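Here is a walk through the metal sites, cysteines and pockets of one protein model. Have the structure open as you read.

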Amino acid sequence: MPLEIVTVPCLSDNYAYLLHDPATGTTALVDAPAAAPIEAALSARGWRLDMILITHHHGDHIDAVETLRAAHGARVAGAAADAHRLPPLDLALAEGDSVQVGAELGRVIDVSGHTLGHIAYYFADSAAVFTADSLMALGCGRLFEGDAATMWASLSRLAALPRETWVFSGHEYTAANARFALTIEPDNPALQARAADVDASRAEGLPTVPSQLADELATNPFLRAGLPEVKSALGMEQASDVEVFAEIRARKDRF
Ligand code: ZN
Ligand code: FE
């Protein structure tokens, strides 16, 4: 049975996620931006929090970890590489490790780039990957610690997951990302259609996250940096994939 996944809006534009295994009653949380909305989502369903899965060290992803740990006695998991700047970890993880949520195993994927030590959690049976500030809907995180080659390698690992995988990212940035993406590929019909969908969803106050990996592959300029049509749109036919990715990221930083 797949995990039940609940999106919890936090702060101004963050998303946290509750993962609940109905068979065992186990509940895990991906990222802890703020305690109050997460506690409200838990109590509305009568769930206790068993585990907190941290993606990376930024405050808007970890500030409520200690409050929630104290309230629930939850175990805390995060990247071993970041243990020095995360709340104390009960489980220190690296690429290829697994975390168990009820009956389902999640695989840890190193998605460094936004930060070094950023990890994603991939639950194959639920067709869900939690990417926070690495791969985002129509975008990717800013390169604060890693370089373009590091982020490109991380995005390539995520791009290799099954196309039907749902991408649960950390922020509602999609409308602005769509406006930028259209500057890279104004004539991409899938992108034009998706940008209209995004605007319609936002006008109704609906989240645009999660998105399906197949749609990201068809529309997200940061995943498409290696494609001949994107290289030629930028006049970079001879450039490497990483060089094109770096150019798109630099343009987004100035957008
Ligand atoms: Zn971040
Ligand atoms: Fe963030």
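## Two metals, one shared aspartate

Aspartate 133 bridges the iron ion (ligand 2) and the zinc ion (ligand 1), which lie 3.1 Å apart. Bear in mind that this is a predicted model, where local features need pLDDT of at least 70, side-chain atom pairs count only at pLDDT 80 or more, and totals for chains, interfaces and linings use all residues. Residues are numbered from 1 along each chain as its sequence is written, chains are lettered from A and ligands numbered from 1 in the order in which they are written, and side-chain values use heavy atoms, with hydrogens and water left out.

Donors here are N, O and S atoms within 2.8 Å of the metal (3.2 Å for Na, K and Ca); water is not among the atoms, so sites may look incomplete.

## The iron side

Who holds the iron ion (ligand 2)? Its protein donors are Asp60 (OD), His61 (NE2), Asp133 (OD) and His171 (NE2), at 2.1 to 2.5 Å. Along the sequence, these donor residues are spaced D-H-x71-D-x37-H. The two neighbours at the start of that pattern sit in unlike surroundings: aspartate 60 is partly exposed at 23% relative accessibility, while histidine 61 is buried at 0%. (Buried means under 20% relative accessible area, exposed over 50%, and partly exposed in between, using a 1.4 Å probe and protein chains only.)

The 4 donor atoms make angles of 85 to 168 degrees, and the iron site is classed as irregular. For the label, four donors count as tetrahedral if all angles lie between 85 and 135 degrees; four count as square planar and six as octahedral if opposite donors are over 155 degrees apart and all others between 65 and 115; anything else is irregular.

## The zinc side

Over at the zinc ion (ligand 1), the protein donors are His56 (NE2), His58 (ND1), His114 (NE2) and Asp133 (OD), lying 2.2 to 2.3 Å away. Their spacing along the chain reads H-x1-H-x55-H-x18-D. The zinc site is irregular too, with angles of 85 to 172 degrees among its 4 donor atoms.

Histidine 114 and aspartate 133 link distant parts of the chain, 19 residues apart: histidine 114 is in the loop between β8 (104–110) and β9 (119–123), aspartate 133 in the loop between β10 (128–132) and β11 (135–136). Helices (H or I, at least four residues) and strands (E, at least two) are DSSP runs, numbered from the N terminus. Both histidine 114 and aspartate 133 are buried.

## Cysteines

The disulfide count (pairs of cysteine sulfur atoms within 2.5 Å) is 0. Cysteine 10 is buried, at 3% relative accessible area, and cysteine 140 is buried as well, at 7%.

## Pockets

A pocket is found on a 1 Å grid over the protein atoms alone, as an open set of points where a 1.4 Å probe fits, with protein on both sides within 12 Å along at least five of seven lines; lining residues have an atom within 4 Å of a point. The largest pocket has a volume of about 240 Å³. Its 15 lining residues include Arg194, Asp197, Val198, Ser211 and Asp215, the closest to its centre. Helix α6 gives the most to this lining, with 5 residues.

The second largest pocket has a volume of about 190 Å³. Of its 14 lining residues, Cys140, Arg142, Tyr173, Arg249 and Lys252 are the closest to the centre. Here the largest share of the lining, 3 residues, comes from helix α9 (residues 241–254).

How values were computed: Grid points are joined across faces, edges and corners, and a volume is the space filled by probe spheres set on the points.
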